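Colleague: Hey, I'm new to this one and could use a walk through it. Can you pull it up so we can chat?

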Amino acid sequence: MTDVTNTPVPSGPEKSRGSSLYALDKRTKRRNAAEARFKAYGIAAVCVGLAFLVILLVSIVRNGIPAFTQTFVELPIYLNEEKLDPDGNRDPAAMSKVSTFGYNPLIEDALVQLMADNGIETDMDGPTLRKMLSSSVPAQVRDYTLANPDQVGETVTFRVLASSRVDGYMKGRVQREDLERDKNLDAAHLDIVDQLVDAGAVERTFNWAFITGADASESRPEQAGIGVSMIGSFFMMIVVLVLALPIGVAASIYLEEFAAKNRFTDLIEVNISNLAAVPSIVFGILGLAVFIQFGGLPQSAPLVGGLVLTLMTLPTIIISTRASLKAVPPSIRDAALGVGASKTQAVFHHVLPLAMPGILTGTIIGLAQALGETAPLLLIGMVGYIATNYPEGIVDGFLAPNSAMPAQIYEWAKRADPAYYERAWGGIIVLLLFLMTMNIIAIILRRRFERRW
Amino acid sequence: MNQMPMTSENVTTMPTKNTKITARDVQVYYGDTHAIKDVDVDIEDRTVTAFIGPSGCGKSTFLRCLNRMNDTIDICRVEGAIKIDNEDIYDKKVDPVQLRAKVGMVFQKPNPFPKSIYDNIAYGPRIHGLAKSKADLDEIVEKSLRRGAIWDEVKDRLHAPGTGLSGGQQQRLCIARAVATEPEVLLMDEPCSALDPIATDQVEDLIDELRSQYSVVIVTHSMQQAARVSQKTAFFHLGNLVEYGETDQIFTNPKDPRTESYISGRIG
Amino acid sequence: MPVLWIVAIILALAVIGYFMGRYRAIASAGGDSRKLHSLPNYYGTSVAIFTTVFSLLVLIIWLIVQPLVIENRVSGTIPAEAIPEGSTLGLVMSDVRRVANGLDIAVAGGAMTEDYASSIRTEFTDVRDRLAGVGVALGSDVGSSTLRAAQLYRTMSATGALLMAIVVLAIALGGFLFALMRTHKDFRARNVVETSIRYLLIGAASIAILTTVGIILSLIFNTIEFFYRYPAWDFFFGTTWAPSFGGGSELGIIPLLWGTLYISFIALVVAVPIGLFAAVYLSEYATPRIRAFAKPLIEVLAGIPTIVYGLFALLTVGPLLLSVFGPNSVGWMGAASSVMTAGLVMGIMLIPFVSSLSDDIINAVPQAMRDGSLGLGATHSETVKQVVLPAALPGIVGAVLLAASRAIGETMIVVMGAGAAARLSLNPFEAMTTVTAKIVSQLTGDADFSSPEALVAFALGMTLFVITLGLNILALYIVRKYREQYE
């Protein structure tokens with residue numbers, strides 16, 4: 001600027017009085033640069049954090065969305081009477097003697113016919129063509145036939161699952177060169193698929209079976225769904241809600257309203273704050289040792305999972321409940337005591353209802369936490385159990401072995417077939433949708449009933 | 001309101017050679033609240049100027065304008081001109097950091113940093129690069145502590161934490177800390193309100209000594225304190241500067257009836 | 001009588017008691033409920049409480065104690081020579097239980113009569129065959145002493161159950177009558193009910209203690225069991241982890257601890273600078289609007305379940321790192337699972353943890369400190385670096401310790417992202433494994449719970465628990481001390 005910059009930087013204690021404020025000395029410039037840098041680090045850190053979130057969400061959505069669609073083949077199958085019902089009396093009991101295996105020739109014939117109908121030239125025989133379909137198809141046809149014996153002898157058009165390779169090809173996951181070493185499918189199959197797509201016999205549609213269905217065996221990823229483990233999670237959450245809410249609220253009321261300042265209270269407080277930070281896997285060990293080994297409860301049962309998650313969730317619920325109890329001003333208690341209510345009546349008639357929205361918010365957040373927890377479930381046997389059946393009735397729901405959503409996702413992620421990875425990501429979308437819904441409910445509750453004193 | 005022009009007339013007389021700070025037509029807004037209205041004032045060098053007035057009258061707000069501490073409050077907006085040595089401190093070219101080195105501040109509650117006594121004093125000189133060497137810094141620290149009239153009490157425990165001192169000592173430490181950066185103006189926001197009478201007495205003595213080198217502006221609640229330590233007094237009321245003049249004159253012969261009511265204890 | 005029935009009877013009695021108590025109280029006041037000490041409901045409730053509480057308490061205690069007593073008595077009857085070579089009393093007892101259970105099923109299924117079940121002898125019948133016939137498979141032939149013990153077990157259980165039903169119902173009835181007798185208009189029913197409520201609340205609060213006790217007991221007993229079978233010294237100081245279920249395992253914890261600490265270290269290296277700078281920016285610089293936008297978004301990272309991070313590590317980050325550092329480029333990395341994969345993802349998970357804790361702590365530094373520094377002409381960053389952060393340092397250290405404890409106890413990310421090989425290596429691109437991952441792998445197999453290979457999981461759990469507990473206590477202590485400083 002002007003002459004001021006030429007003068008040496010004032011550095012001695014005898015700083016020149018009256019130096020101009022309009023001129024920035026070198027040191028101040030340097031310090032301002034440091035300031036800008038520091039601020040930039042902060043912005044960068046926030047941006048990195050947000051970037052991680054975006055990357056995470058994008059990779060979940062991009063990898064998981066395909067799980068919600070599935071490739072189906074429209075296949076007219078002639079239900080050959082000679083093979084399915086040689087006696088010709090349409091007796092389901094007699095017909096059930098034909099095993100699923102016995103339906104394969106019908107399907108193979110149908111496929112060959114399909115090729116011919118659509119003018120697709122191929123030198124593949126029936127069994128080779130059948131590799132394009134899921135191995136669940138014979139069972140599907142058999143179930144239909146046994147349920148509708150009068151249809152035998154007719155040609156029925158089935159919507160059958162394509163095999164996971166074909167599905168993967170439709171979704172872009174499987175390329176022709178990937179199939180070179182594949183024993184199940186050849187590139188030639190994919191040419192046929194292309195032609196079938198053009199003919200409208202193969203299409204990709206929304207896959208309800210993924211949301212409502214059961215898990216399938218290792219070799220049939222196209223059939224696997226998260227529905228049954230969702231039910232498992234549901235029963236666990238019931239256990240958590242029924243146990244953790246009352247116990248948590250009761251414990252909080254005691255600590256916040258009644259507890260004397262003594263060692264016992266301190267002990268409880270220390271325990272709660274430590275339990276909140278104990279690794280979840282340790283709760284799994286507790287569940288295994290106490291509920292299964294000592295208590296004799298069945299392995300893999302949602303009841304046990306629910307108990308373990310209850311113990312894990314309790315500290316969260318207690319901490320948030322205490323905060324909402326604390327937020328109720330003492331004047332409310334004084335007012336109730338002033339008209340002759342007992343301490344208990346004051347708490348239960350006045351304080352608790354006022355604190356309820358906060359308590360519910362905390363409980364929902366605690367439940368959401370419990371819903372996504374996986375590690376303790378590994379130890380009580382909820383992973384490795386293949387949840388293929390819906391529980392029969394409520395007692396079964398609590399006690400029969402089942403999986404849970406996060407455990408199911410883990411199970412899929414462990415399987416070798418990459419088609420299962422897609423299912424795992426899809427499962428995560430379902431899980432996150434649940435968590436998001438719960439958190440939104442919690443936020444709405446808080447906004448709606450938040451009271452400022 | 002017809003007194004206003006008269007008092008304004010008084011202040012807007014030509015700044016004397018001795019004038020350090022001039023404020024013209026200063027307005028301060030907190031969001032929608034108009035906290036300071038049309039304040040004009042000339043503050044002299046090597047003089048203690050007291051700002052008095054009832055709570056919420058804007059005296060602290062105005063004080064914080066003088067070294068732009070209000071910049072740290074997002075909703076605060078300052079209009080008008082405040083000049084130090086004829087340089088507008090709200091000019092775009094002015095870096096508040098440099099300004100604050102020139103205009104030091106002592107706060108209502110003693111706020112020593114959780115560091116040693118030595119580091120508390122050395123903090124300002126270090127960030128402003130006032131010391132060339134360790135010996136230099138030692139000298140600044142000693143000089144500042146002496147000027148803060150606390151050297152004798154702490155010279156044996158310079159490396160003890162500053163938070164361990166008593167309230168009065170802490171406040172003198174904060175004054176010494178402010179002095180250490182070689183400011184030209186020293187702003188004090190109710191420096192004695194958190195202190196007991198004895199500590200207050202010591203701090204007041206200190207303020208009187210500081211007058212020889214600095215322009216000291218002090219906000220105070222206590223009229224007695226204003227009368228004891230200041231040469232000039234400004235009376236604020238509801239965001240207006242009601243009256244400004246020699247301390248003796250304000251206290252013995254106030255021109256504005258509002259000042260008189262305040263002095264005599266009817267408002268405030 | 002099944003337990004469910006006993007409970008149902010007690011509850012029914014309680015409901016009856018409620019109405020009778022209420023009625024009796026009002027009758028004693030001559031129909032004018034204003035003359036009562038308490039509201040009528042309290043009289044009813046007090047009767048219900050006396051009916052249920054003590055009887056249910058006894059029921060629960062009985063259910064826990066009876067098996068222990070029977071076990072003890074029955075195992076006393078098994079002669080030492082009946083325990084086969086290489087077996088233990090515990091194993092024989094589990095056979096006994098299985099046989100007893102089999103006989104129960106056989107009787108319930110109608111395959112045997114009650115008399116027959118309690119009188120069959122191994123000398124005349126092949127019990128194993130008979131039981132297999134009703135669907136109870138036994139691993140070995142049933143010896144005569146085992147069968148005798150099983151029969152004793154059954155008799156004692158039956159007697160115990162009968163006795164329990166009588167005692168519990170008697171207590172319920174006693175409480176019912178006692179409370180009903182006391183019901184009178186001057187009886188302070190409300191105080192009784194409120195005291196009971198108080199105890200109920202205390203009971204609920206004590207669950208926290210019970211949980212801790214449960215954790216500690218389940219860890220300690222199994223850990224001791226483990227140390228009987230495997231020397232503690234070799235466990236704590238062994239540098240090889242090579243479990244083999246055929247025996248001859250080497251179960252040294254050092255490589256696992258190394259993997260745990262290495263991964264946690266990388267996680268902290270990622271999370272602490274990002275989290276801390278983000279917290280500083282959001283609390284010191286950001287405008288309210290940016291803060292209101294960015295803070296909740298970053299905290300979303302904390303609400304995402306760890307299974308999601310695990311999958312992210314396994315399927316996204318791992319392959320990504322492999323393509324950058326793998327055999328096709330620099331060749332540092334052999335597989336997608338590595339310390340770096342798990343550490344990086346865990347770091348992302350911990351960012352919101354560090355940032356929101358630090359945010360709280362930075363906000364707790366009084367504004368007066370900032371004013372003091374700014375008033376001296378310090379820039380904002382100088383104020384943050386030299387005044388705010390040093391003042392907040394203890395709290396931030398506490399937050400970092402809490403984050404470290406999180407990282408050490410984290411399971412899913414390491415199970416899915418770190419690999420399974422226990423290895424002592426410095427290369428962060430190699431697969432290593434952790435304490436938590438091995439707890440999972442040792443307990444999810446079909447291992448026999450009495451083998452050292454399964455029991456070691458409890459010793460690992462114990463180690464994990466002690467380390468994280470220590471870190472938590474230290475961190476909470478530091479944070480609390482720090483809070484006191486400014487309160």
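Colleague: Let me start with a small thing. Which residue forms a salt bridge with B:Asp208?

Modeller: That's B:Arg211, and the closest N and O atoms of the two are 3.6 Å apart. A salt bridge here is a side-chain nitrogen of Lys or Arg within 4 Å of a carboxyl oxygen of Asp or Glu.

Colleague: Before we go on, what kind of model is this?

Modeller: It's a predicted model, so local features need pLDDT of at least 70, side-chain atom pairs count only at pLDDT 80 or more, and totals for chains, interfaces and linings use all residues. Residues are numbered from 1 along each chain as its sequence is written, chains are lettered from A and ligands numbered from 1 in the order in which they are written, and side-chain values use heavy atoms, with hydrogens and water left out.

Colleague: Ok, back to that pair. Is B:Asp208 buried or exposed?

Modeller: In between: B:Asp208 is partly exposed, with a relative accessible area of 38%. B:Arg211 counts as partly exposed too, at 29%. The cut-offs are under 20% relative accessible area for buried and over 50% for exposed, with partly exposed in between (1.4 Å probe, protein chains only).

Colleague: How many salt bridges are there over all chains?

Modeller: The count comes to 40. One of them joins the side chains of A:Asp215 and A:Arg415, at 2.9 Å from N to O.

Colleague: Where do those two sit in the chain?

Modeller: In distant parts of it, 200 residues apart. A:Asp215 is in the loop between helix H9 (208-212) and helix H10 (227-258) of chain A, while A:Arg415 is in the loop between helix H18 (405-414) and helix H19 (418-449) of chain A. Helices (H or I, at least four residues) and strands (E, at least two) are DSSP runs, numbered from the N terminus.

Colleague: And is A:Arg415 buried or exposed?

Modeller: A:Arg415 is buried, with a relative accessible area of 3%. A:Asp215 is buried as well, at 4%.

Colleague: What else is A:Arg415 in contact with?

Modeller: Leaving aside neighbours within four places in sequence, its contacts include A:Ser217, A:Glu218, A:Ile386 and A:Tyr420. Contact means heavy atoms within 4.5 Å.

Colleague: Got another salt bridge for me? Which residue does A:Glu257 pair with?

Modeller: A:Arg333, with the closest N and O atoms 2.7 Å apart. A:Glu257 lies in helix H10 of chain A and A:Arg333 in helix H14 (residues 330-338) of chain A, so the pair ties together parts that are 76 residues apart in sequence. Both partners count as buried, A:Glu257 at 9% relative accessibility and A:Arg333 at 15%.

Colleague: Switching to strands. How many of the residues of strand S1 of chain A are buried?

Modeller: 7 of the 10 residues of S1(A), which covers residues 69-78, are buried, so the strand is largely enclosed by the rest of the structure.

Colleague: Which strands does S1(A) pair with?

Modeller: S1(A) pairs in the antiparallel sense with strand S3 (residues 202-206) of chain A over 5 bridges. Its pairing with strand S2 (residues 155-161) of chain A is antiparallel too, over 7 bridges. Two strands pair if DSSP finds at least two bridges between them. As landmarks, A:Thr71 stands opposite A:Arg204 in S3(A), and A:Phe72 stands opposite A:Leu161 in S2(A).

Colleague: What about chain B? Which way do strands S6 and S7 run?

Modeller: They run parallel, with 4 bridges joining S6(B) to S7(B), residues 185-189. B:Val106 stands opposite B:Met188 in S7(B). Along S6(B), residues 103-106, B:Val103 and B:Met105 point one way and B:Gly104 and B:Val106 the other, and all are buried.

Colleague: Last topic, then. How many residues does each chain bring to the contact?

Modeller: Chain B gives 32 residues and chain A gives 20. About 2100 Å² is buried between the two chains, and carbon and sulfur atoms give 45% of that. Buried area is the accessible area (1.4 Å probe) that two parts lose on being put together, summed over both.

Colleague: Which residues of chain B supply the most there?

Modeller: B:Glu87, B:Lys93 and B:Gln98 supply 26% of the area that chain B buries against chain A, more than any other three residues.

Colleague: And how many salt bridges cross that interface?

Modeller: The rule finds 0 salt bridges between chain B and chain A.
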